Amino acid sequence: MENSGFLADFFLLFDKWNAKKKKRSVSKKIIGIKERDIVFIEMGKNIGYEQDGKGEEFLRPVVIYKKYNRNMFLGIPLTTQLKDNRYYFTFTYKNRGEKEIENAALLSQIRVYDTKRVKYKSGVIAKDDFVLLHKKLLEVNRPDVSNFPIEGKSPEGIQ
């Protein structure tokens, strides 16, 4: 079967990630974070169109959108592949080495992460850019309520 080599390599990535995730999950090391920080996290190998980490450590940059406590935050993955798309928010920031990096926040990929995933801080998104990111995030994630019943019932009739 022609595809068997591809599938074996594909499944091997999941196995490598699972081994790494087991070690990370028992780690006591927690890096302090705050909203607007850009951190590299061990994101892992994920399913379908969910964003993956890259390289041997499965790393991906994430902007911290909302810090819930010292253990959890709402983060938005970043990419250097820029697209003119309503689900991308492009901005530039300076990394730890003072190099300007252009990234796009993947607004459709926002999710909750454990701070144990944080490997290191890379930079901070500017306040003005963060305000614009917030506005765009709310805009693209606003549900379409035009087809909801006016009486206050759900579309399925459940109250």
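Contact here means heavy atoms within 4.5 Å. By that yardstick, Ala 105 touches Ile 76, Pro 77, Leu 78, Tyr 87, Tyr 88, Phe 89, Phe 91 and Leu 133, leaving out residues up to four places away in sequence. Welcome to this predicted model, a protein with two helices and seven strands. The tour below starts with the overall layout, then takes in the cores, a hairpin, a buried serine, two unusual backbone angles and the salt bridges.

**Overall layout**

- Reading from the N terminus, the elements follow the order α-β-β-β-β-β-β-β-α.
- The protein has 159 residues, and 35% of them are buried.
- Among contacts with a separation of 6 or more, 63% are between residues 24 or more positions apart.
- The accessible surface is about 10,600 Å², and carbon and sulfur atoms hold 53% of that area.

**The nonpolar cores**

- The largest nonpolar core has 17 residues, and those that touch the most other members are Ile 76, Phe 91, Ala 105, Leu 107 and Leu 133.
- Two or more residues of this core come from each of strand 2 (59-67), strand 3 (72-79), strand 4, strand 5 and helix 2 (127-140).
- Helix 2 supplies the largest share, with four residues.
- A second core, separate from this one, has 10 residues, including Ile 31, Val 39, Ile 41 and Ile 64.
- Back in the largest core, Ala 105 is worth a second look, as Ile 76, Phe 91 and Leu 133 are among the residues it touches.

**The hairpin of strands 4 and 5**

- Strand 4 (residues 88-94) pairs with strand 5 (residues 100-106) in the antiparallel sense, over seven bridges.
- Within this pairing, Thr 90 of the model sits opposite Ala 104 in strand 5.
- Five residues lie between the two strands, and in this hairpin Glu 98 takes a positive phi near 65 degrees.

**Ser 122, a buried polar residue**

- Look for Ser 122 in strand 7 (residues 118-124).
- Ser 122 has a relative accessible area of 6%, and it counts as buried because that value is under the 20% cut-off.
- The side chain of Ser 122 makes a polar contact of 3.0 Å with the side chain of Tyr 93.
- Beyond its neighbours within four places in sequence, Ser 122 is in contact with Ile 38, Val 39, Phe 40, Tyr 93, Lys 94, Asn 95 and Arg 96.

**Two residues with positive phi**

- Most residues other than glycine have a negative phi, and two residues are worth checking against that background.
- Arg 36 is not a glycine, and its phi is positive, near 85 degrees.
- Arg 36 belongs to the loop between helix 1 (4-25) and strand 1 (37-42), and with 22% relative accessibility this arginine is partly exposed.
- Glu 98, also not a glycine, has a positive phi of about 65 degrees.
- Glu 98 is found in the loop between strand 4 and strand 5, where its relative accessibility of 56% makes it exposed.

**Salt bridges**

- Side chains of opposite charge can pair when their charged atoms come close.
- The structure has three salt bridges.
- In one of them, Asp 37 meets Lys 34 with an N to O distance of 3.1 Å.
- Asp 37 is buried, at a relative accessible area of 1%, whereas Lys 34 is partly exposed at 47%.
- Another salt bridge joins Lys 66 and Glu 35, whose closest N and O atoms are 3.7 Å apart.
- That pair links distant parts of the chain, 31 residues apart, with Lys 66 in strand 2 and Glu 35 in the loop between helix 1 and strand 1.
- Both partners are partly exposed, Lys 66 at 37% relative accessibility and Glu 35 with a relative accessible area of 33%.
- Lys 121 also forms a salt bridge with Asp 37 (3.7 Å, N to O).
- Lys 121 in strand 7 and Asp 37 in strand 1 are 84 residues apart, so this pair too links distant parts of the chain, and Lys 121 is partly exposed with a relative accessible area of 32%.
- Taken together, Lys 34, Asp 37 and Lys 121 form a network of salt bridges.

Key:
Residues numbered from 1 in each chain as written. Predicted model: local features only at pLDDT ≥ 70, side-chain atom pairs only at ≥ 80, totals over all residues. Heavy atoms only, no water. Pairing = 2+ DSSP bridges. Core = buried A, V, L, I, M, F, W, Y, C linked by side-chain atoms within 4.5 Å. Buried < 20%, exposed > 50% of the residue type's maximum accessible area, 1.4 Å probe, protein only. Areas by Shrake-Rupley, 256 points an atom, 1.4 Å probe, with all protein chains shown as cover. Polar contact = N/O pair within 3.5 Å; in protein donor to acceptor, adjacent residues only side chain to side chain. Salt bridge = Lys/Arg side-chain N within 4 Å of Asp/Glu carboxyl O.
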